[in-house]
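Welcome, and please open your viewer. We will go from stop to stop, selecting a few residues at a time and looking at what is there.

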Amino acid sequence: METPLHEQIADDLRRRIASGELAVGAPLPSESQMCAQWNASRGPVRQALAALRAEGMIGGGRGKPPVVRRRALSQPFETFLSFSSWVQGMGHTPGQRTQEITLRPAPADVADALDLEEGTPVVQLLRLRLIDGAPTMLERTTFVEPVGRLLFDFDCDSGSLYAHLGARGVDMSVARHLIDAVAADETDSRLLGVPAGFPLLRESRTAGGADGRPVEYSDDRYRPDMVSFTIENVRQARPALLRSWQAS
């Protein structure tokens, strides 16, 4: 099925903003220019611009060309799992520094999230995630033991865990996300470079396969001066969870 024209236009504008071709503060091409480029009527062009406004990437308008507000890329819920893929899609460099990976008994909250008995062996991973070398997010991820063991022969600093696990046949096609705020603890403070008690955005995620069995639970803590989340609702459509990065 061919991608609707307004989505093609919006994707092209996102790419040009993320790459810096359209810099922050720069005006977008006029509607007439975009209509000519895409051989489109004004309807699809205006739909594309409305989508970027909803994501906070552009502003202005009202008789003047809209301007770029920030180099941010929003990510649909369906592809939310991979931090590496999201950052690469912005045209930037993802990074990770693994602090710990270990096999230990599941504490009560993790056992509940993964539908396990408390004390069941699980694999826990602590990784600092970076964008262009800047500390952005700290992830505390727990995998059920058979899945987590697949990481012991993988360099967790080399790239996406999900790409590696997917290649090994692990299904994480269904996820549930909870977004809230949490005060930075000593570990968050040290690794993210923020004061203790600093408010962080937290995404708690449980992911698993189509059979409904969870295989991963993660507590991901983001610097709110660098990342934001948006829920976009469209009538007669499933809501999309969007994650955006604000360049410093």
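**Stop 1: helix H3**

Start by selecting residues 42–54, which form helix H3. This helix has 13 residues, and from its first C-alpha to its last it reaches 18 Å, close to the 18 Å expected at 1.5 Å a residue. Keep in mind as you look around that this is a predicted model.

Now colour Pro44, Val45, Ala48, Leu49 and Leu52, the buried residues of H3. Turn the view until you look down the helix axis: these buried residues fall within an arc of 135 degrees, so they line one face of the helix.

What do the buried residues of H3 pack against? Show helix H1 (5–18), helix H2 (31–38) and strand E1 (58–59), and you have their partners. Before you leave, click on Gly56, which follows H3 and has a positive phi, near 80 degrees.

**Stop 2: helix H1**

Next, select H1, one of the partners you have just displayed. Its 14 residues should span 20 Å at 1.5 Å a residue, and the end C-alpha atoms are indeed 20 Å apart.

The buried residues here are Ile9, Ala10, Asp12, Leu13, Arg14, Arg16, Ile17 and Ala18. They pack against H2, H3, E1 and strand E2 (67–68). Just after H1 comes Gly20, with a positive phi of about 90 degrees.

**Stop 3: the loop after H1**

Follow the chain into the loop between H1 and H2, and pick Ala26 there. Then add Val68 to the selection: the two residues are 42 positions apart in sequence, yet their C-alpha atoms are 5.6 Å apart in space. Which residues does Ala26 contact, leaving aside its neighbours within four places in sequence? They are Pro66, Val67 and Val68.

**Stop 4: His92 and Asp132**

Move on to His92, in the loop between helix H4 (83–89) and strand E3 (94–105). Is His92 buried or exposed? It has a relative accessible area of 14%, so His92 is buried, the cut-off being under 20%.

Show the side chain of Asp132 as well, and you can trace a polar contact of 2.5 Å between the side chains of His92 and Asp132. Asp132 sits in the loop between E4 and strand E5 (134–144). With a relative accessibility of 43%, Asp132 counts as partly exposed.

The backbone is worth a look too. Most residues other than glycine have a negative phi. Asp132, although not a glycine, has a positive phi of about 50 degrees.

**Stop 5: Asp115**

Another aspartate to select is Asp115, in the loop between helix H5 (108–113) and strand E4 (121–131). Asp115 is not a glycine either, and its phi is positive, about 60 degrees. At 65% relative accessibility, Asp115 counts as exposed.

**Stop 6: Glu145**

Now go to helix H6 (residues 145–148) and choose Glu145. At 24% relative accessibility, Glu145 is partly exposed. Leaving aside neighbours within four places in sequence, Glu145 is in contact with Leu103, Pro121, Val122 and Val123. If you also select Ala106, you will find its C-alpha 10.0 Å from that of Glu145, with their positions 39 residues apart in sequence.

**Stop 7: Arg205 and Glu216**

Select strand E7 (residues 199–208) and find Arg205 within it. Arg205 has a relative accessibility of 2% and counts as buried. Add Glu216 to see a polar contact of 2.9 Å joining the two side chains.

**Stop 8: the cysteines**

Pick out Cys35 and Cys156. Cys35 is buried, with a relative accessible area of 13%, and Cys156 is buried too, at 6% relative accessibility. How many disulfides are there in the whole structure? A search finds 0.

**Last stop: the whole chain**

Finally, zoom out and show everything. The protein chain holds 8 helices and 10 strands. It has 248 residues, and buried residues make up 46% of them.

Among the contacts with a separation of 6 or more, 57% are between residues 24 or more positions apart. Turn on the surface to finish: the accessible surface of the chain comes to about 12,500 Å², and carbon and sulfur atoms account for 50% of it.

Methods: Residues are numbered from 1 along each chain as its sequence is written. This is a predicted model: local features need pLDDT of at least 70, side-chain atom pairs count only at pLDDT 80 or more; totals for chains, interfaces and linings use all residues. Side-chain values use heavy atoms; hydrogens and water are left out. Helices (H or I, at least four residues) and strands (E, at least two) are DSSP runs, numbered from the N terminus. Buried means under 20% relative accessible area, exposed over 50%, partly exposed in between (1.4 Å probe, protein chains only). Contact means heavy atoms within 4.5 Å. Accessible areas come from the Shrake-Rupley method with a 1.4 Å probe; for residues, only the protein chains shown count as cover. A disulfide is a pair of cysteine sulfur atoms within 2.5 Å. A polar contact is a pair of N or O atoms within 3.5 Å; within protein, one must be able to donate a hydrogen and the other to accept it, and residues adjacent in sequence count only if both atoms are side-chain atoms. The expected span of a helix is 1.5 Å times one less than its number of residues. The arc is that of the directions from the helix axis to the C-beta atoms.
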